[in-house]
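The following exercises train the reading of a protein model. Please study the sequence and the structure before working through each solution.

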Amino acid sequence: MTLYDADTVDACSWPETPQARLARDYFVPLMKRGSTTFLSDRTTLRLVAMDDLRIPLAINDAEYDNSPLHSTWVRYIGLPVAAVTAETYGAARAVVMRGVMRTLGAMLKAARIDKCVYVDHWLVLRNLHVSLDEAQVERLTAFLVEQFPGHAIVFPAINPASASPLLNTLAARDYGFVYAAHTRMTLPTQDVSRQVRENRRRDGRLLEAAGYRIVDGREMPDCAPRLRELYRSLNADKYHSTLDYTEELFAWTLREGIFQYKLAVKDGRVDGFYATHTSQDVVWSPMFGYDLALPQELGLYRGLVHRLMQDALEVGLTIELGPGSDPFKSLRGSQPVPRWSAFHVKHLSGFRQYAWRTLQRYVNGGVRPAANAMLKKIDGDAAVGFGPLTLPFTPPTGQTPREAARALREQVDGLEAAVEAAARLEGEVRLQALSPLSQTLHNWPQPMPRVVALRERLTRLEQEARRKPVQAAAPMSVPPEDQARQLLQDAARWGDTSLVAAHLGEAPAPHLKALVEALRQAAGSVGVVLTATRGGKVVLVTAASEALRGRGVDAGQLMAQAAPCVDGKGGGSPEVAWGGGSRADGIDAALTATRRFVESRLAGPVPSGGVG
């Protein structure tokens, strides 16, 4: 096991693993140039090489003006004291609460609570937890205690949704745990309500409606100053304890592709952005910002969050949105997840051990229940894992993000295979095979591209199965009245309403006119949509009986549905309309469109017949 600093890290070897490559390409440049080149926090960065792992360290002594990312004191004392106001808690209660927290904070400072080695700490990135067995934890802990005998050893803010095995391994080696606030996640397999789907649909229209394009950050390589300005206006200027980033970090991560940037651009101006990084099947956004001076009605925040979620869910990955704006995120299907910091202090003095145990009792016994109560009000039963600490740790999301991604891939693979198997069938047998697949695909909680493509494939297969064999031109020896009776017998039906929708092939014009007239005279509520072809052109004719017109459906409306599908037009009376078009490959779509139109107008059950 070897400890590297900025001067010696060039001697480090790099295994061919994603974790080691990220440490080399992302963490080492931070280590060499120093944290304040890129961040507002002051911390000392080191790297441990153990077996084939390269584990980042952030070492602090007494940096009480850092953000919560690098200060235990700020996380549990500095931020909460600032949040306790007379407006929120009442004047008297606020004075008492601030007094208690400041007293505890004074003791924690006396015990040098920020004298810590943060292990596996990737600064602004998350979900990179290393996989360690018990022997590796014991070796690493002993090594760090030897190298830093006056520091607490802390694995910060571990997410049990992704890293329950690591938490359980640390528990087996006598690490203590303190609640470290919550984050919010949405798994791609997560069921969502109709209201959530509707909220997402509305959010998805906002940016385009406001005239914005989503642009890859690489198309605007000189945008770093604007990105920092937008980030600061939303974060650093609004919350004094929030981590601030330098322009150099934006420029470097954009130039080197460390993060993937998406920009909301209008008239050549960047008004909002987010950056993402993907690890362990989780998409995390370390940077997000938008122009607060613009009208809220534009929906920049809502639209950007929607696009961020789609970036993950459309490819079957989990999206982590972090804390904040909990009611808004809950209404988009995001679930709260607790994070826990693991600490080892047995090598420290009795007073410092006592301080850590006091902090643990205060946070786990007071802060955690308050967070639980707040999230229960917002998320109800979806707020899982915020009760008293119990072992072993399990994913509060039910599945890990990796399990969810694998399960989703297997499910979509199975659906694709089932659709292709159904494609080899014909007629009613095919429709029966497609029916349960159609229900699954059309109720899919997240319309990822593979699912959308499957829906379209299934719809085409259904149309083919319902289509009657194309007939040759009707012989003059077959009376139109006889053919009309056959078409009525095969018509789709909604109660006492029938829709004759059929393609007649190369039907002569006199025969077609006589056939339409025979169908018009049929008893009851009857609609007619017939197509024929002549010299590569499409002939359309629609008709509506008196009873059907009484129900609000006429021939002109039917023509309006069918004609665009064949790149045509038509017109006539409410009783009969004639038209034509140039696209014979749109005939199936024309027949289907009229069927769906009649079905929607009648608001009846699915018909027993099919489209001919």
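Two strands pair if DSSP finds at least two bridges between them. The model used in these exercises is predicted.

**Exercise 1. State the strand order of the open sheet of 6 strands and identify its edge strands.**

Step 1. The strands of this open sheet follow the order β13-β14-β15-β16-β18-β17. The pairing is mixed.

Step 2. An edge strand pairs on one side only, and this holds for β13 and for β17 (569-572).

Step 3. From one strand to the next, the twist averages 15°.

Step 4. Consider one pair within the sheet: β14 and β15 are parallel and share 7 bridges. In β15, L530 is the residue opposite A502.

**Exercise 2. Describe how helices α17 and α21 are placed relative to β14.**

Step 1. Helix α17 (residues 480-489) packs on the sheet and touches β13, β14 and β15. The direction of α17 makes about 115° with that of β14.

Step 2. Helix α21 lies across β13, β14, β15 and β16. Its angle to β14 is about 170°. Angles are taken between N-to-C directions and run from 0 to 180 degrees, so a value of about 170° means that α21 and β14 run in nearly opposite directions.

**Exercise 3. Check the length of helix α21 (residues 587-602) against the expected span, and find what its buried residues pack against.**

Step 1. The expected span is 1.5 Å times one less than the number of residues. Helix α21 has 16 residues, and therefore should span 22 Å.

Step 2. The end C-alpha atoms of α21 are 23 Å apart, which agrees with the expectation.

Step 3. The buried residues of α21 include I587, L591, F597 and V598. Charged residues also appear in the list, among them R595 and E599.

Step 4. These buried residues pack against helices α16 (449-466) and α20 (555-562), as well as strands β13 (492-494), β14 (497-503), β15 (525-534) and β16 (537-544).

**Exercise 4. Which residues have the most contacts inside the largest nonpolar core, and which helix gives the most to this core?**

Step 1. The largest nonpolar core holds 104 residues, and Y26 and Y261 have the most contacts inside it.

Step 2. Helix α1 (residues 18-33) gives the most to this core, contributing 7 residues.

Step 3. Among the residues that Y261 touches are V215, L227, F250, F273 and M287.

Step 4. A second core, separate from this one, has 24 residues, including L499, L540, L548 and V566.

Step 5. In soluble globular proteins, nonpolar side chains tend to be buried together.

Note on methods
Residues numbered from 1 in each chain as written. Predicted model: local features only at pLDDT ≥ 70, side-chain atom pairs only at ≥ 80, totals over all residues. Heavy atoms only, no water. Core = buried A, V, L, I, M, F, W, Y, C linked by side-chain atoms within 4.5 Å. Buried < 20%, exposed > 50% of the residue type's maximum accessible area, 1.4 Å probe, protein only. Helix = DSSP H or I, 4+ residues; strand = E, 2+ residues; numbered from the N terminus. Contact = heavy atoms within 4.5 Å. Lists of a residue's contacts leave out its neighbours within four places in sequence.
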